[in-house]
Amino acid sequence: MVLIDQGRCIGCGICIPYCPRNAIKLDPNLKKAYIVAEECVECGTCARVVMCPRDAIVGVVEGYVREVRAHFSDPYTLHPSTGIPGRGTEEMKTNDVTGRFKRGEVGFAIDIGRPLVGVTFAEISRFIKVLNTVGVMWEKANPILYLLKGGLEMGEFPEELNNVKLHSAVLEFKVPIAKVRDVIEKLKYLAETTDTVFSLGIISRVDDDFTIPVIEVLRELGLEVSPWAKTNVGLGRPLVE
Amino acid sequence: MTHTHHRVGPIESLKKDYVVLVMASRDVKYENEGERFKKVMEVLAKHMPVNLGNMVVGNKYWRDEEEIMMRFREYGNIVHGVYIDQEQVKQVLKDLKAAELGLSVVVTGVYEDVFKMLKELGLKPHTVNLSLGVWGRKERLPPEEVLEITTMCGHCMVSPALVMKLVSEIRKGRLSPASAAVELAKECVCGVFNVKRAEDLLRRIVRSKA
Ligand code: SF4
Ligand code: SF4
């Protein structure tokens, strides 16, 4: 794990505000900084960015649990299952060449724990189980699913991971547009019962006249769509029409 | 990976924020992918981005810009340029279209404006990822004005405590808003953090709460 070398640290406190999880504390008696292991998600930010006057922040990730945390929290780490950095997949970013999301299908990217609150594996498991009741088509390349034991239907992670916290984790799946209402119902339930937050992204092909078919469904459901969105501009080749 | 998504703030502020991402799908296996990305970086850099990033190397405020422009993996590269006005984005897209590199290009920003640009350039939006915001225990989030800054790093590497620390330094006259914005940008490894918008938002926080 990322560590502060107690022999080198002079307790100047420079590093403390840099941690997005408030995991770096100062021991008032010893006058040394230390990292709270349960709160640290191994994002690597402190080791990368802080100009520690004594070079006391050492980035060493050791052991299965710490490695899992680093793979999901440090964007600079290449994920072994997807071969790309980060917590998710190529998603709609390469849809112009992969055709992952077809016309008439709607994708969901549920970023649990984001922004800044964090999420445990136990809570991710609960999300998977609730969404399984709608019958969604999971994105099989999503790295979080590689950690499941007993398959997607069970939605369970190994016991030792359950209380482990990640900065965030993305669940990705798609459904036919007719099922969007059912998914939204489940998401409303999850929003009411969770102890964390999630950021919701909804993916859709754009029609030739530049309309986005899913927007009408979302508006009928009384949902507010942000003006901010990601647009794949269709320059990839060979193009999936 | 949704790291350019879910930015928040008033529409006038969001309209000064565009991320152009270029990515090679692992399903395609492009020949000479590195050379293609060198060309992409030339285009992104030419139109005066406020940030530039390469997932192999890092962002331009933390790493050497020359390395960002030149070092790539054999496959699966991802790069970003961040811009503050539509004209820049249009020029970038025009050049990328002309270069015919075959790589996937995603523009994140106010999508109605992006669609307008595409129409003017004779391009068509292929797929969108819409943001439906944050759900659940929103009372656990930092204040909105801090989130406007921190959400510019979708991996949430930009620390709210650092924002507040730097605001206090600006108030004491020890740091300029521009330098504070650069310090925050270092935390966003991918280089998608809009430094200019952060500077404006920091000024707003400094003015609003004395
Ligand atoms: S910046 Fe370095 S010396 Fe200062 S408190 Fe942190 S670890 Fe210790
Ligand atoms: S690795 Fe990340 S979460 Fe852990 S102490 Fe450093 S900044 Fe905080």
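Where does A:Lys31 lie? Select A:Lys31 to begin: this residue sits in the loop between strand 2 (24-27) and strand 3 (32-35) of chain A. Strands here are DSSP runs of E with at least two residues, helices are runs of H or I with at least four, and both are numbered from the N terminus. Phi of A:Lys31 is near 55 degrees, a positive value in a residue other than glycine. Most residues other than glycine have a negative phi, and most peptide bonds are trans.

This is a predicted model, in which local features need pLDDT of at least 70, side-chain atom pairs count only at pLDDT 80 or more, and totals for chains, interfaces and linings use all residues. Residues are numbered from 1 along each chain as its sequence is written, chains are lettered from A and ligands numbered from 1 in the order in which they are written, and side-chain values use heavy atoms, with hydrogens and water left out. The predictor gives the complex an ipTM of 0.96 and a pTM of 0.95.

**Chain A: cis peptide bonds**

Select A:Arg114 and A:Pro115, which are joined by a cis peptide bond with omega of about 5 degrees. A:Pro115 is in the loop between strand 5 (105-112) and strand 6 (119-120) of chain A. Go on to A:Arg237 and A:Pro238, where the peptide bond is also cis, with omega near 0 degrees. A:Pro238 belongs to the segment after strand 11 (228-232) of chain A.

**The ligands**

Select ligand 1 and the 13 residues around it (a heavy atom within 4 Å); A:Cys9, A:Cys12, A:Gly13, A:Cys15 and A:Cys52 come nearest. The shell around ligand 1 divides into eleven nonpolar, two polar and no charged residues. In this count Ala, Val, Leu, Ile, Met, Phe, Trp, Tyr, Cys and Pro are nonpolar, Asp, Glu, Lys and Arg are charged, and the others, Gly among them, are polar.

Then select ligand 2. The residues that surround ligand 2 include A:Cys19, A:Cys40, A:Cys43 and A:Cys46, and also A:Val2, A:Pro20 and A:Glu42. Its shell has nine nonpolar residues, two polar and one charged.

**Chain B: helix pairs**

Move to chain B, whose mean pLDDT (the predictor's confidence in each residue, from 0 to 100) is 95, with 99% of its residues at 70 or more.

Select helix 7 (residues 160-171) and helix 8 (residues 177-187) of chain B: their axes come within 10 Å and cross at roughly 165 degrees. Axes are lines fitted to C-alpha atoms, for helices over the stretch in contact, and angles run from 0 to 180 degrees between N-to-C directions. That makes helix 7 of chain B roughly antiparallel (over 145 degrees) to helix 8 of chain B. In their contact (heavy atoms within 4.5 Å), B:Leu162, B:Val163, B:Leu166 and B:Ile170 of helix 7 meet B:Pro177, B:Ala180, B:Glu183, B:Leu184 and B:Glu187 of helix 8. Seven of these residues are nonpolar, none polar and two charged.

Keep helix 8 of chain B and add helix 9 (residues 195-208) of chain B; the axes come within 8 Å and cross at roughly 125 degrees. Helix 8 and helix 9 of chain B are therefore oblique to each other, a term for angles that are not under 35, over 145 or from 65 to 115 degrees. Residues in contact include B:Ala181 and B:Leu184 of helix 8 of chain B and B:Ala198 and B:Leu202 of helix 9 of chain B. The contact of helix 8 with helix 9 of chain B divides into ten nonpolar residues, no polar and two charged.
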